[in-house]
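Colleague: Could we go through this model together? I would like to hear the reasoning behind the labels, not just the labels.

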Amino acid sequence: MKYQKKREVVDAIQITSTMFNESKFPEGVVDRQVPWEGHYARELELKHGPLDVPFVIEPTGPERLTVGDWVLTNERGERHRCQDRIFRELFEPFEARTTL
């Protein structure tokens, strides 16, 4: 049996080196500040490495961002990280259909 991905419209912003250099990131990205303390912060450092890099907070937890990644915001307002290669395979510009 074959399946296809359900159609979903997302807002997408690509993370650029300029954003890193100027520390200006889109809404929903935790900007190089460590909002976590204590045991949880240590667990994150073990999983992701140093916490002095930007993260996007996904429903399943924080995900580290690198230059070229995309931050996707779906219709429910949830944010997700997507690698550039995967983004280009799965998404294309959305053209709103008009009905008369």
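Modeller: Happy to; what follows takes the strands, one loop residue and some salt bridges in turn. Please keep in mind that this is a predicted model.

Colleague: Let's begin with β3 and β4. What makes them a pair?

Modeller: Two strands pair if DSSP finds at least two bridges between them. Strand β3, residues 55–58, and strand β4, residues 61–64, have four bridges, so they qualify, and the sense is antiparallel. To give one of these bridges, I57 has P62 of β4 as its partner. The connection from β3 to β4 is a hairpin through two residues.

Colleague: And how do you know that β5 and β6 pair?

Modeller: By the same reasoning: at least two bridges are needed, and β5 and β6 are joined by four, running antiparallel. For example, W70 has C82 in β6 as its bridge partner.

Colleague: Which strands make up the open sheet, and in what order?

Modeller: There are three strands, in the order β1-β5-β6, with antiparallel pairing.

Colleague: Why do β1 and β6 count as edges?

Modeller: Each of them has a single partner strand, so one side of β1 (11–14) and one side of β6 have no neighbour in the sheet. On average, neighbouring strands in this sheet are turned by 25° against each other, direction ignored.

Colleague: Now the loop between β5 (70–73) and β6 (79–82), where N74 lies. Why is N74 called buried?

Modeller: The cut-off for buried is under 20% relative accessible area. N74 has 8%, so it is buried.

Colleague: What does N74 touch?

Modeller: Leaving out residues up to four places away in sequence, N74 is in contact with E8, V9, V10 and H80. In addition, the N74 side chain reaches the backbone nitrogen of R76 at 3.0 Å.

Colleague: How do you know that this reach from N74 to R76 is a polar contact?

Modeller: The limit for a pair of N or O atoms is within 3.5 Å, and the N74 side chain comes to 3.0 Å from the R76 backbone nitrogen.

Colleague: On to charges. How many salt bridges are there?

Modeller: The count is five. One of them joins the side chains of R81 and D69.

Colleague: What makes R81 and D69 a salt bridge?

Modeller: The side-chain nitrogen must lie within 4 Å of a carboxyl oxygen. For R81 and D69 the N to O value is 3.0 Å, so the pair passes. This pair links distant parts of the chain, with R81 in strand β6 and D69 in the loop between β4 and β5, twelve residues apart.

Colleague: Are R81 and D69 buried or exposed?

Modeller: D69 is at 4%, under the 20% limit, so it counts as buried. R81 has 27%, which lies between 20% and 50%, so R81 is partly exposed.

Colleague: And why is R76 called exposed, while E78 is called partly exposed?

Modeller: Exposed requires over 50%. R76 has 61%, so it is exposed, whereas E78 at 28% falls in between 20% and 50%. The side chains of R76 and E78 meet in a salt bridge at 3.3 Å, N to O.

Colleague: How do you know that R88 and D84 form a salt bridge?

Modeller: Their closest N and O atoms are 2.9 Å apart, and the limit is 4 Å. Both residues lie in helix α3 (residues 84–90), four residues apart, about one turn of the helix. R88 is exposed at 53%, and D84 is partly exposed at 25%.

Methods: Residues numbered from 1 in each chain as written. Predicted model: local features only at pLDDT ≥ 70, side-chain atom pairs only at ≥ 80, totals over all residues. Heavy atoms only, no water. Buried < 20%, exposed > 50% of the residue type's maximum accessible area, 1.4 Å probe, protein only. Polar contact = N/O pair within 3.5 Å; in protein donor to acceptor, adjacent residues only side chain to side chain. Contact = heavy atoms within 4.5 Å. Axes fitted to C-alpha atoms, helices over the stretch in contact; angles between N-to-C directions.
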